[in-house]
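User: I am new to this structure and would love a close look at how its strands are arranged into sheets. Could you walk me through that part?

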Amino acid sequence: MRKSLAVVLFGLLYALLSSSAAFAQVKGVYWTTSGKFGPFPITGLIPSIPKEKQRDVTIPVSMWIIDHPKGLIVFDTGNNVAISDGNCKSYWAAGNCDLLKPSQTRADVIDAQLKTLGYSADKVKVVITSHTHLDHAGNIAMFPNAIHVIQKKELYQGWWPEKFQGRTTPGTFVMADLASAREFNYLELEGDYDLFGDGSVQILTTPGHTLGHQSVKLHLASGGKLILAQDAIWMQENVDGYPAGLNYSVLDYTKSLNRLKFMRDLEGAQLFYGHDEIQYAAKGGRWYK
Ligand SMILES: [Zn+2]
């Protein structure tokens with residue numbers, strides 16, 4: 001009898017341990033930036049902002065490094081390495097260089113940032129790309145061994161944007177960013193996705209800014225939740241009711257922004273924007289655990 005009780009207890013303990021392993025959570029996530037854009041007037045990005053709220057902004061180009069027991073993840077790879085150290089016009093359209101005024105140095109590029117944090121780029125297991133614009137998909141080519149997670153529609157969009165979004169290359173979509181990674185392994189999604197099957201890294205479809213934009217929700221080991229909006233929400237002004245000026249669909253953009261905002265409120269999550277100067281100054285360049 002005693003022996004069978006011990007067996008039952010052992011069984012229970014084993015079940016508990018294996019179920020907690022099945023719900024592994026994010027060990028830590030680091031928020032960094034691929035240099036900055038600016039300064040330029042905020043109305044260049046958000047024309048709906050009234051005159052009295054106009055100001056010049058110098059904005060971050062958000063990238064996230066996620067340490068998970070099942071593997072290292074990078075969420076967005078920033079501006080291409082070729083535009084570093086004042087060489088923007090060698091790779092991007094001159095008009096975009098003049099407009100965005102990127103200040104990226106070589107040390108700001110994702111591979112260098114990984115190295116600073118003690119990781120090597122070839123150990124990255126998963127690269128999640130929010131969308132295929134030049135400041136988010138710039139260095140996917142640095143990760144030939146990773147599984148690249150992107151919405152299928154966004155791949156189509158990157159290769160053949162609607163005409164009003166601009167088809168010149170290099171433009172807002174830089175064909176060379178995508179072409180150099182064409183033979184990689186893509187997990188092409190058509191909707192939301194639970195990356196490791198344990199709820200800890202959830203991909204959320206947030207179209208509008210582009211056709212197949214996606215955001216990420218993280219569940220930290222400490223119990224906290226983070227929503228990484230990227231360009232579903234550029235900055236606080238968008239949440240305050242001023243829509244971004246560059247959208248594939250304003251209707252989808254508004255639905256996606258509301259989705260993340262309500263998720264923040266219902267789940268008590270922290271919501272991080274893709275290009276918010278003030279939020280990055282207060283909360284960027286650090287680990288969340
Ligand atoms: Zn962006």
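Analyst: Here is a walk through the sheets, with the helices that lie across them. This is a predicted model, in which local features need pLDDT of at least 70 and side-chain atom pairs count only at pLDDT 80 or more, while totals for chains, interfaces and linings use all residues. Residues are numbered from 1 along each chain as its sequence is written.

Let's begin with an open sheet of seven strands, ordered β6-β5-β4-β3-β2-β1-β12, where the pairing is mixed. Its edge strands, β6 (185–189) and β12 (286–288), each pair on one side only. From one strand to the next, the twist averages 25°. Here, strands are DSSP runs of E with at least two residues, helices are runs of H or I with at least four, and both are numbered from the N terminus. Two strands pair if DSSP finds at least two bridges between them.

At the β6 end, strand β5 (residues 147–151) pairs with β6 in the parallel sense over five bridges. Within this pairing, Ile-150 has Glu-188 in β6 as its bridge partner. Helix α4 (residues 152–159) lies across β5 and β6, at about 85° to β5. Such angles run from 0 to 180 degrees between N-to-C directions, with axes fitted as lines to C-alpha atoms, for helices over the stretch in contact; contact means C-beta atoms, placed from the backbone, within 7 Å.

Now for an open sheet of five strands: its order is β7-β8-β9-β10-β11, again with mixed pairing. Because β7 (193–194) and β11 (270–272) each have a single partner strand, one side of each is left without a neighbour in the sheet. Strands β9 (residues 214–219) and β10 (residues 225–228) run antiparallel, joined by four bridges, and Lys-217 stands opposite Ile-227 in β10. Helix α7 (residues 250–267) lies across β9, β10 and β11, running at about 175° to β10.

Key: Contact = placed C-beta atoms within 7 Å.
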